[in-house]
Structures are given as structure tokens and as C-alpha cells.
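The following note offers comments on helix packing, sheet order and one pocket. Please read the points with the structure open.

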Amino acid sequence: MKTDTLSVVYSCDNNYAQHMSVSIYSLLVHNLDFKHIQIYIIDNQISEINKEKIQRMIGSFKNTELIWIDFTKWKALLNLKMEWEVSISSYGRLFISSMIPLNIERIIYLDCDMIFCDSLKELWNFDLKGNVIGAVQDAVNDETKGAVGIPSEQPYFNAGMLLIDVKKWRVTEVEKMAINFIFEHQGKIKHHDQGVLNGILKNKWMRVPVRYNLMTIHYIYNRSKVMKYFQNHAEFYTEDELEKSRKKPAVLHYTPSFTTRPWVKNCKHPLKEKYWKILQETPWKGAKEENDNRKLYIKLIEWRYRCLPF
């Protein structure tokens, strides 16, 4: 798909406004090769002060358009029974096709805890070969797959970055399927909306290079340890692919894999300083680290799997 306009969408609440701002700034400075960038933000009660900060920051990039989408009416469609703390904002990605204009044929969904280190031009033009989405494969155990109806030998994707063929998404009726899937699982789905999407798109997605969603686990573990820890039975990226991506990532995804995120004290991610460097260019310049409020036993478990052989 050859076009000079990049369209992306985030879904965010007020707690993650700072981190989304860092993500957006890094996106814009690394994608100046696009003539026009459209940023849609699914707004789950972001404060007016923070929205003004984001608007002002984006306004300094003349090629960029910002569109706010109120999440309220779509949020009301969800009947969830969450077993652990997660922002309902992430479920906004399920409704993307009814939120954006009909003339948008392709869009990239992005989590707020990502930063960009390279252009998305190659990803934007990636051939999906008739699939609904392109995504980076994730390593999960058989229980996680089985909970959403995926056989152990089939791959599972991380939904933090989704290259979406919007026409295919609409024709497949992903939104309707997602609501039905949530209902059929009594509002409790393993991995939340990521589990929903894996369950309904298990044969309709295309694997993209891992450098476009390089998760924390791939800096903590090499391929062998990843496969051993998750007992993954699906074909996975090679160690060579992973190592090249570590050296030249396009998108860093600060997932909390055996450590905290960069803005929380005690983060062990080797590239956490990239977050803080970009932060200084945003309206949140000068922000401080948050306290690490995890329970001691959680910290011990993470230390054990990060530092000891298994």
C-alpha cells in the first residue's frame, strides 16, 4: 500500500497521558518521511489540561493532524468481569473501524507504552496478503492459547501494535465477533482484549518482523530461554532475527516482563533511558520516577526468573 499519509490510533486514559505523549513524540520525529500523519486518540477521560498539553506538542509538527474520539458510548457496550487490574481503555481497539472515517483503509493501532526508534514506512507498506491484521508474534503458554481456542502449535500475537486492513476488519465484522466472544466467555478473557482478538482472528493475521514490537522479554531472555519459560510449541522468530532487532529496534514495547516499566523505580530494561530522553522533549519534562509499589513476593519472583538459571 503506497501512500504518503500515515494513520495511527492510540487508546488512553488520564493515567497514561504522559507515556502516550512520549510515544507520540518519538513516533513523529522518526516518521518525517511521511507527508501527513493522522493521530486518532480514543479518549477515556483524559483531563482537559493533559489534552491541551498533547495538542500543543503535536501542533509543533506541521504535518500532523490530531483527532480525539470519546470512548464513552463504546465503553458502554462492554460487559466485563476483570480478574486483575487493567485499564478498560485497551478495549477501545476492538471498535476502531466504527470510530474512524470510512475512507481510512489502513491504520496502525499502538499501545501507549511504546517508543519509536525508526520509521514505520516499511511496516506501513507491508503486504498483509489478504489477512485482517499484521502483528508481532508473542510467546505464551498453552493454557493462555487454549483459553481463547488456539491450538498449542498455532502462533499467538501481541496486540500492542496492530497493522489493520480496515476494510477486511469491517467485512469480517470484528467488532460484532468481539462482543459475542466476550459474552460467550462471561466477560472474563485471558489477556483481556488481546485474548479476544487472538480468539477471533487466529487464522486471519500475518506475522510481521519482531523489530516492530520488540518486547521487554527479548532483552531479558534469549530465544532459548523464552521458548523454555513459556514452553512454546509454535514456530517462533530465530535468535538471529531477535538479535538483529535488539541491535536495531523500530518499536520498543516496554512490557512489564520480570521488571517494571521505565517510569517506575527499579526498572531493569537496558534501554529505559530512551524513555527519559524523549520525555524531556514533551510537556512532561522534569517528571520524576514513580515509586515501585509491587509486593515483595512479586519482586522476588521476578528477580528469580531474571537472574537465576531455570
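At what angle do H1 and H13 pack, and how far apart are their axes? The points below begin with that question and refer throughout to a predicted model.

1. H1 and H13 pack at an angle of about 85 degrees, and their axes are 9 Å apart. The two helices are therefore roughly perpendicular to each other. On the H1 side, the contact is made by Gln18, His19, Val22, Tyr25 and Ser26, while H13 contributes Tyr275, Ile278 and Leu279. Sorted by class, this contact of H1 with H13 holds five nonpolar and three polar residues, with no charged residues.

2. A second helix partner of H1 is helix H2, residues 48-59; here the packing angle is about 10 degrees and the axes lie 11 Å apart. That angle makes H1 roughly parallel to H2. Ala17, Met20, Ser21, Ile24, Tyr25 and Leu28 of H1 meet Asn50, Ile54, Met57 and Ile58 of H2. Eight nonpolar and two polar residues form the contact of H1 with H2, and no charged residues take part. Tyr25 therefore deserves attention in both contacts, since it is listed for H2 and for H13, where contact means heavy atoms within 4.5 Å.

3. The seven-stranded sheet is open, with the order S3-S2-S1-S4-S7-S6-S8 and mixed pairing. Its edge strands are S3 (64-70) and S8 (205-207), each of which pairs on one side only. From one strand to the next, the twist averages 30 degrees. Within this sheet, S4 (residues 106-110) and S7 (residues 156-165) pair in the antiparallel sense over five bridges, and Arg106 stands opposite Asp165 in S7.

4. Both H1 and H2 pack on this sheet. H1 touches S1 (5-13), S2 (36-44), S3 and S4, and its direction makes about 170 degrees with that of S1. H2 touches S2 and S3, and the direction of H2 makes about 160 degrees with that of S3.

5. A separate point concerns the open sheet of three strands, whose order is S5-S10-S9 and whose pairing is mixed. S5 and S9 (214-215) stand at the edges with a single partner strand each, so one side of each is left without a neighbour in the sheet. S5 is joined to S10 (residues 251-253) by three bridges, and the two strands run antiparallel. Ile115 stands opposite Leu252 in S10.

6. Which elements give two or more residues to the lining of the second largest pocket? They are helix H1 (17-29), strand S5 (114-116) and helix H13 (272-279). The pocket holds about 150 Å³ of space. Its lining includes Tyr25, Ser26 and Val29, together with Ile115 and Phe116, and also Lys274, Lys277 and Ile278. His30, Cys117 and Glu281 are likewise among the lining residues. By class, the lining divides into six nonpolar, two polar and three charged residues.

7. Points 1 and 6 may usefully be read together. Tyr25, Ser26 and Ile278 belong to the contact between H1 and H13, and these residues also appear in the lining of the second largest pocket. Ile115, which stands opposite Leu252 in S10, is another residue of that lining.

Conventions:
Residues are numbered from 1 along each chain as its sequence is written. This is a predicted model: local features need pLDDT of at least 70, side-chain atom pairs count only at pLDDT 80 or more; totals for chains, interfaces and linings use all residues. Side-chain values use heavy atoms; hydrogens and water are left out. On a 1 Å grid over the protein atoms alone, a cavity is a set of points where a 1.4 Å probe fits but cannot get out, and a pocket is an open set with protein on both sides within 12 Å along at least five of seven lines; lining residues have an atom within 4 Å of a point. Grid points are joined across faces, edges and corners, and a volume is the space filled by probe spheres set on the points. Helices (H or I, at least four residues) and strands (E, at least two) are DSSP runs, numbered from the N terminus. Ala, Val, Leu, Ile, Met, Phe, Trp, Tyr, Cys and Pro count as nonpolar, Asp, Glu, Lys and Arg as charged, and the others, Gly among them, as polar. Axes are lines fitted to C-alpha atoms, for helices over the stretch in contact, and angles run from 0 to 180 degrees between N-to-C directions. Angles under 35 degrees count as roughly parallel, over 145 as roughly antiparallel, 65 to 115 as roughly perpendicular and the rest as oblique. Two strands pair if DSSP finds at least two bridges between them.
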